[in-house]
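Here's a tutorial chat on reading structural features from coordinates. Have a look at the sequence and the model first.

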Amino acid sequence: MAEPMQGEKGEFRSGFATVVGRPNVGKSTLVNALTGHKVSIVSDKPQTTRNRIHGVYTSPGLQIIFVDTPGIHRPRNLLGDYMVEVARKSLTEVEVVLWVVDGSVLPAGGEQHIAGFLSGLSVPVILVINKEDLIPAEILPGRIEVYRGLYPFSHVQTVSALNGTGLKELMDAIGQFLPPGPQYYPADMVTDQPQAFVLAEIIREKAITLTRDEVPYGIAVGIEEITKRSEELIYVRATLYTERESQKGIIIGHKGQMLKAIGQLARQDMEAWLGVRVYLDLRVKTKKEWRQDQVALRQLGYD
């Protein structure tokens with residue numbers, strides 16, 4: 001992606017950009033594409049992102065801290081309540097909001113709900129129409145007008161987070177709404193999330209990907225130990241938690257083959273992230289109905 005435009009007269013511009021939208025519209029894919037790094041896990045399953053995640057983009061004269069949020073939805077359990085509250089809190093003390101929609105489909109009740117969710121905001125809201133590559137050119141203008149009828153957007157940008165079209169133009173638009181400010185993070189920092197959080201998310205992503213529709217919503221990951229064994233090796237001990245014993249069996253798989261596959265894929269991403277070899281000690285436990293258990297949610301980092 002080409003560098004976005006910088007501020008006038010050489011001043012440094014910086015600020016926070018919250019990314020909101022319905023589940024499964026491509027928010028995490030967009031944040032990863034804009035930062036140039038994988039800071040959020042990606043899945044075709046709704047509500048994959050559960051926490052507020054900061055991805056940092058820095059170039060000469062500009063720093064944008066993207067806040068990837070859980071999809072805004074009507075919660076059905078305590079975890080869902082937590083996720084929606086995370087999204088709501090992310091709208092405070094930011095310079096700009098990116099409302100990401102799936103442009104390949106018409107807006108429905110979920111978009112009306114988000115429009116109300118955003119009502120009263122004093123900061124600019126940019127409509128990001130994602131999946132531009134799936135929208136026939138002849139219907140795009142009409143689709144934009146439909147969305148403009150939902151909210152007084154400060155700017156509208158069509159993009160494809162998957163193939164990169166429109167991203168530079170979006171970055172230029174974001175930069176125009178950011179004030180002169182400090183560089184909040186070092187230039188080589190791509191996320192402010194703790195190492196344990198990133199490693200846990202990598203494991204969860206692989207479990208979601210490999211188990212498909214069978215157990216994704218019941219999966220959580222806890223990191224029990226990260227130990228540097230040598231300059232070339234880090235030991236990571238982690239536990240995959242399921243809500244039911246039957247789900248535990250699916251995660252382990254026949255003769256442990258599913259758990260082995262999850263571990264192999266996770267280890268590869270961990271080694272790419274850490275830059276050293278990783279010994280991943282991965283186990284599976286059942287924590288019954290943890291999504292409805294306030295204590296369990298707190299223990300797993302959802303507080």
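**Reading the features one by one**

A: Let's start with one ring: Phe153 is buried, because its relative accessible area is 10%, where buried means under 20%, exposed over 50% and partly exposed in between (1.4 Å probe, protein chains only). A word on provenance: this is a predicted model, where local features need pLDDT of at least 70 and side-chain atom pairs count only at pLDDT 80 or more, while totals for chains, interfaces and linings use all residues. Residues are numbered from 1 along each chain as its sequence is written, and side-chain values use heavy atoms, with hydrogens and water left out.

Q: Which ring forms an aromatic pair with Trp99, and how is the pair oriented?

A: Rings of Phe, Tyr and Trp (its six-membered ring) pair if their centres lie within 6.5 Å; planes under 30 degrees apart are stacked, over 60 edge-to-face, and the rest tilted. By this rule the count comes to 5 aromatic pairs. Trp99 pairs with Phe153 in a tilted arrangement, 5.4 Å centre to centre with 50° between the planes. Trp99 sits in strand E4 and Phe153 in the loop between H4 and strand E6 (155–158), so the pair ties together parts that are 54 residues apart in sequence. Helices (H or I, at least four residues) and strands (E, at least two) are DSSP runs, numbered from the N terminus.

Q: Where does Tyr151 come in?

A: Tyr151 joins Trp99 and Phe153 in one aromatic cluster. The ring centres of Tyr151 and Phe153 are 5.4 Å apart with planes at 50°, so that pair is tilted. Tyr151 counts as buried because its relative accessibility is 10%.

Q: Which residues touch the most other members of the largest nonpolar core?

A: The general idea: in soluble globular proteins, nonpolar side chains tend to be buried together. A nonpolar core here is a set of buried Ala, Val, Leu, Ile, Met, Phe, Trp, Tyr and Cys residues joined through side-chain atoms within 4.5 Å. The largest one has 26 residues, and Val97, Trp99, Leu118, Val125, Leu127, Ile129 and Phe153 touch the most other members. At least two residues each come from strand E1 (13–20), strand E3 (62–68), strand E4 (96–102), helix H3 (109–118), strand E5 (125–130) and helix H4 (140–148). H3 gives the largest share, 4 residues. A second, separate core has 25 residues, including Val19, Leu98, Ile174 and Leu178.

Q: What does Leu127 touch, leaving aside neighbours within four places in sequence?

A: Contact means heavy atoms within 4.5 Å. On that basis Leu127 meets Trp99, Val101, Tyr147, Phe153, His155, Val156 and Gln157.

Q: Is Val96 buried or exposed?

A: Val96 is buried, because its relative accessibility is 0%. Val96 lies in strand E4, and its C-alpha is 4.9 Å from that of Ala17, although the two are 79 residues apart in sequence. Not counting residues up to four places away, Val96 touches Phe16, Ala17, Thr18, Pro124, Ile126, Ile174, Phe177 and Leu178.

Q: How many residues of helix H1 are buried?

A: In helix H1 (residues 27–35), 7 of the 9 residues are buried, so H1 is largely enclosed by the rest of the structure. They are Lys27, Ser28, Leu30, Val31, Asn32, Leu34 and Thr35. These buried residues pack against E1, strand E2 (53–59), E3, E4, E5 and helix H5 (167–177). Next after H1 is Gly36, with a positive phi near 80°.

Q: What is the order of strands in the open sheet of 3 strands?

A: Strands of a sheet pair through backbone hydrogen bonds, either parallel or antiparallel. Here, two strands pair if DSSP finds at least two bridges between them. The open sheet of 3 strands runs E7-E8-E9, with mixed pairing. Strand E7 (220–230) and strand E9 (277–286) stand at the edges with a single partner strand each, so one side of each has no neighbour in the sheet. E8 and E9 pair in the parallel sense over 10 bridges, and Ala238 has Leu282 as its bridge partner in E9.

Q: Which residue's side chain makes a polar contact with the side chain of Thr239?

A: A polar contact is a pair of N or O atoms within 3.5 Å; within protein, one must be able to donate a hydrogen and the other to accept it, and residues adjacent in sequence count only if both atoms are side-chain atoms. For Thr239, in strand E8 (residues 233–242), the partner is Glu224, at 2.8 Å. Thr239 is buried, because its relative accessibility is 3%.
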